[in-house]
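Here is a short tour for anyone meeting this structure for the first time. Have a look at it, and then we'll go through it part by part.

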Amino acid sequence: MARYVAKRVLGMIVVMFIVLTTVFIIVRLAPGDPASLMLGPEATPADVVALRARMGLDQPVVVQYFSFLGQIATGNLGQSIFFNQPVTQVIAARAEPTVLLTLFSIVIAVAIALPVGILSAYTRGSLFDQGSLSTAMLAASVPSFWLGLIFQQYLATGAGWFPVSGFGSPSATFFERVHFIILPSIVLGIVNSALIIRFSRAAMLDVLNDDFVRTARAKGMSEWRVVIRHALKSALIPIVTVVGLTFALLISGAIVTERVFNLPGLGSLVVGAVLRRDYPVIQGVLVVIAGLYVLINFLIDMLYLAIDPRVKY
Amino acid sequence: MRIAAMFSLAAAAVTALPAMQAYAQDAKKGDDVVTVAIIGEPPTLDPMLSTADVVSIVTQHFFETLYTFDSHWKVRPLLAKSMPKITDDGRTYTIPIREGVTFQDGSKMDAHDVVASLKLWEKVATRGQGVADTIESVTASDDNTVVIKLKKAYAPLLSLLAFSNSAAAIVPQEDIDGEKLTKLIGTGPYKLAEHKPDQYIKLTRFDGYTSRTEPADGTFGERKQIPAEIDFVPVPDGNTRIEGAVAGQYDYADGLSTEAYDRLEKSDKIKPVLLNNFGWPIFAFNLKAGLMTNLKMRQAVEAALAPNDMLLAAFGDKKFFGTDAALFPKKYVWHNEEGSDLYAQADPQKAAKLLKEAGYDGTPLRILTSHQYEFHYQMAQVAKAYLEQAGFKVKLDVVDWATLTERRDNPKLWDIYITHSPFLPEPALTSLYSASSRLGWDDPEKNKLLADFTSTTDQKKREELFAKLQKMVWQQVPFYKVGSFSALSAENPKMSGVPQTPWPFFWNAQFSQ
């Protein structure tokens with residue numbers, strides 16, 4: 001076990017090094033110039049050259065690369081060109097909306113998907129099963145931005161139940177900010193529930209015909225107990241995997257949804273940083289996201305140990 | 001554990017319910033807070049550093065300049081006590097500074113702060129750098145008087161000092177560290193209270209503000225500080241700005257698509273505000289390298305283009321655009337009709353003849369544009385069709401805005417790039433005519449005319465010279481003014497006191513009950 005964990009941690013370090021180098025190269029390959037964007041339309045080429053020098057963007061790329069690696073090694077993600085703040089501080093400021101959005105979305109997605117998936121499997125071939133599969137297919141096919149715009153128009157602008165966009169005024173309390181998160185969470189919850197429904201249904205179908213389920217029924221257990229206590233427990237591994245990956249996807253920034261609802265989370269941050277060519281922020285966010293992916297995958301593997309005694313490392 | 005988590009979430013949802021209901025019942029803002037949706041996060045809050053309009057809109061509330069403009073774009077004093085005394089040769093400006101003005105950190109503003117600020121402006125601001133070679137010295141003759149000496153007369157100086165864009169903002173000299181501002185502190189009616197990037201910029205009333213007492217006229221005159229707070233909310237997505245405006249979430253929303261006009265008109269929570277003659281779309285030609293260095297080739301493009309069709313594709317309805325050759329609209333003193341016979345020719349035969357005379361060999365004409373401003377792209381598509389009809393091979397290079405701003409600085413990568421500008425108060429505020437701009441319009445006759453225009457202090461003579469310059473623009477075609485367009489904003493119908501300008505300000509905004 002300890003050997004396995006050590007091997008995984010070493011693998012994570014190698015993956016992160018590859019990610020760091022790739023991110024650095026990709027960001028530098030993209031055309032565009034933060035100095036030119038900052039100075040605005042009336043700036044002359046000479047103004048741009050002068051500002052690039054003041055920002056240190058005229059340094060050779062190799063120097064910038066080693067400086068970047070050196071900073072990362074000390075836990076420093078650099079300084080944002082546009083915000084003039086440490087990147088860690090910029091990312092920390094965006095964590096709240098993204099974390100809230102992720103948690104609420106995942107809760108909504110699981111709350112929809114798990115009962116529907118189980119019931120679909122249990123009533124395989126029924127009208128409910130067909131209907132839920134078609135609905136899941138539809139939800140998976142609907143672009144989140146479209147659903148977001150529709151909800152915005154009818155539930156926010158029309159009915160006035162929710163704010164249209166943003167994350168609250170400067171004086172907003174935590175619960176008022178939560179209010180801003182609900183509508184985008186519903187959108188993401190619906191869209192992401194589709195995959196979980198299909199996985200839950202498939203996983204449950206696999207186990208519902210297993211011998212141990214038949215044995216449980218033969219022992220006279222109630223259907224509820226058979227399905228939930230025995231079948232569901234065995235079907236959890238693929239469900240946990242897909243929920244974990246959905247979580248990783250959401251925490252890395254639901255880019256389109258954050259943009260539509262103007263949520264100042266990690267997704268909006270990375271889009272804004274790309275448009276502004278704020279290299280340190282792009283690098284910092286991508287490194288954090290990659291790190292989260294690697295970590296969540298590791299945690300999912302560890303979770304298998306807890307939920308399935310057959311799994312041994 | 002899971003049950004506890006579910007209960008916590010349910011509790012959060014229940015607690016959020018009253019807020020939801022309150023929002024449904026009353027979406028308008030409090031009377032003393034103005035919420036303004038702007039087109040995105042300003043690239044900087046240093047007013048000197050950027051010529052982006054969004055920077056001016058926000059920073060003009062907490063930074064002030066020596067001079068400003070009234071509603072007729074006439075230069076009027078702001079931090080200066082009065083208009084300067086200018087020597088007959090136009091080379092020395094003696095500027096009296098208002099006494100009793102304090103910065104938002106409580107320190108008193110004097111002539112030494114003004115001198116330090118103007119020197120910083122010369123070093124870091126695009127507009128300051130443009131005039132730095134002309135300025136011989138900036139000194140304080142006493143605590144309340146600044147003297148600017150020029151190497152030669154330069155008539156646009158006061159306009160440059162008055163403009164809130166790449167602004168000659170006055171800051172405490174202690175806050176200047178080399179070529180940087182260490183704090184965002186000015187003398188404006190509001191101070192920067194909190195800035196959460198991409199979320200909001202919160203400005204609160206500056207209690208130590210000393211306003212001018214003249215009646216408000218443009219940005220000149222009394223700044224009443226009516227709202228207690230002004231919150232600028234960056235909303236980069238145009239549709240989200242519209243939805244927020246229609247829902248009454250903002251008191252003012254800037255930069256809206258004209259397609260939303262009818263929807264805004266039907267709303268009872270917001271009303272459309274159409275700023276006619278806001279700006280002009282420009283096809284900028286590369287006179288440094290490539291096809292467009294050939295005058296006949298530029299004239300061929302000019303002959304081929306059909307501005308009415310281009311603007312119709314871009315703005316959809318005649319009420320949102322105008323076709324006019326004049327480089328300034330009618331209400332400006334700079335308006336004239338010189339060269340207008342060369343505008344809107346839409347004559348492919350003439351263009352083809354000019355192309356033949358130019359010896360065009362079929363090299364693709366590269367038009368650099370972007371989807372950042374959809375109307376640029378739409379104009380480019382129509383232009384492409386007309387240019388191809390005349391015999392050009394056209395290559396549209398459609399890139400994102402950041403790439404465009406980089407590529408346009410490399411003359412090898414483009415022949416025409418598409419941009420736009422608001423109508424500025426004075427011709428010298430744009431770099432388009434300058435030989436050192438990225439267009440590179442370096443014609444000896446034009447250079448002399450421009451030098452005369454900037455050094456002449458007699459206004460009537462300047463207007464005559466500008467008319468000649470405009471004629472030269474249409475004859476030599478360094479750029480092509482496609483027409484003019486209106487800007488659409490939205491405003492809370494209960495709010496008044498926000499004049500129509502490309503750079504709206506809110507210190508006199510008030511709400512009716």
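How many residues of chain B are in contact with chain A, and how many of chain A with chain B? On the chain B side there are 55, and they touch 48 residues of chain A. Keep in mind that this is a predicted model.

## Where the two chains meet

Put together, chain B and chain A bury about 4,600 Å² between them, with 55% of that on carbon and sulfur atoms. Three salt bridges turn up across this interface. One of them links A:R94 to B:D198, with the closest N and O atoms 3.2 Å apart. Add to that 11 residue pairs in polar contact between the two chains.

Which parts of chain B do the touching? Six elements each supply at least two residues: helix 1 (2–25), helix 4 (126–132), strand 11 (200–205), strand 12 (229–234), helix 6 (238–246) and helix 12 (401–407) of chain B. Helix 1 of chain B gives the most, with eight residues. Sort the residues on this side of chain B by class and you get 23 nonpolar, 16 polar and 16 charged.

## Two domains inside chain B

Now let's stay within chain B. The domain assignment splits chain B into domain 1, made of the pieces 34–77, 117–131, 157–272 and 489–511, and domain 2, which covers 276–486. Measure from C-alpha centre to C-alpha centre, and the two domains of chain B lie 29 Å apart.

Where they meet, 12 residues of domain 1 of chain B are in contact with 12 residues of domain 2 of chain B. The two domains of chain B bury about 1,100 Å² between them, and 69% of it is on carbon and sulfur atoms. Three residues stand out here: B:W73, B:T258 and B:P502 supply 43% of the area that domain 1 buries against domain 2, more than any other three residues.

What about polar links across this interface? There are zero salt bridges between domain 1 and domain 2 of chain B, but two residue pairs are in polar contact. On the domain 1 side, the elements giving two or more residues are helix 5 (157–162) and helix 7 (261–266) of chain B. By class, that side has seven nonpolar, two polar and three charged residues.

## A four-stranded sheet

Chain B also has an open sheet of four strands in the order 4-5-7-6, with antiparallel pairing. Strand 4 and strand 6 (135–142) of chain B are at the edges, each with a single partner strand, so one side of each has no neighbour in the sheet.

Let's walk across it. Strand 4 (residues 85–86) and strand 5 (residues 92–96) of chain B pair over two bridges, and B:K85 has B:T94 as its bridge partner. These two strands of chain B form a hairpin with five residues between them, and B:G90 in the turn has a positive phi of about 70°. Next, five bridges join strand 5 to strand 7 (residues 145–150) of chain B, where B:T94 stands opposite B:V147. Last come six bridges between strand 6 and strand 7 of chain B, with B:V147 as the bridge partner of B:T139.

Terms used: Residues numbered from 1 in each chain as written. Chains lettered and ligands numbered in written order. Predicted model: local features only at pLDDT ≥ 70, side-chain atom pairs only at ≥ 80, totals over all residues. Heavy atoms only, no water. Domains from an automatic or database assignment. Contact = heavy atoms within 4.5 Å. Buried area = accessible area lost by both parts, 1.4 Å probe. Salt bridge = Lys/Arg side-chain N within 4 Å of Asp/Glu carboxyl O. Polar contact = N/O pair within 3.5 Å; in protein donor to acceptor, adjacent residues only side chain to side chain. Nonpolar A, V, L, I, M, F, W, Y, C, P; charged D, E, K, R; others polar. Pairing = 2+ DSSP bridges.
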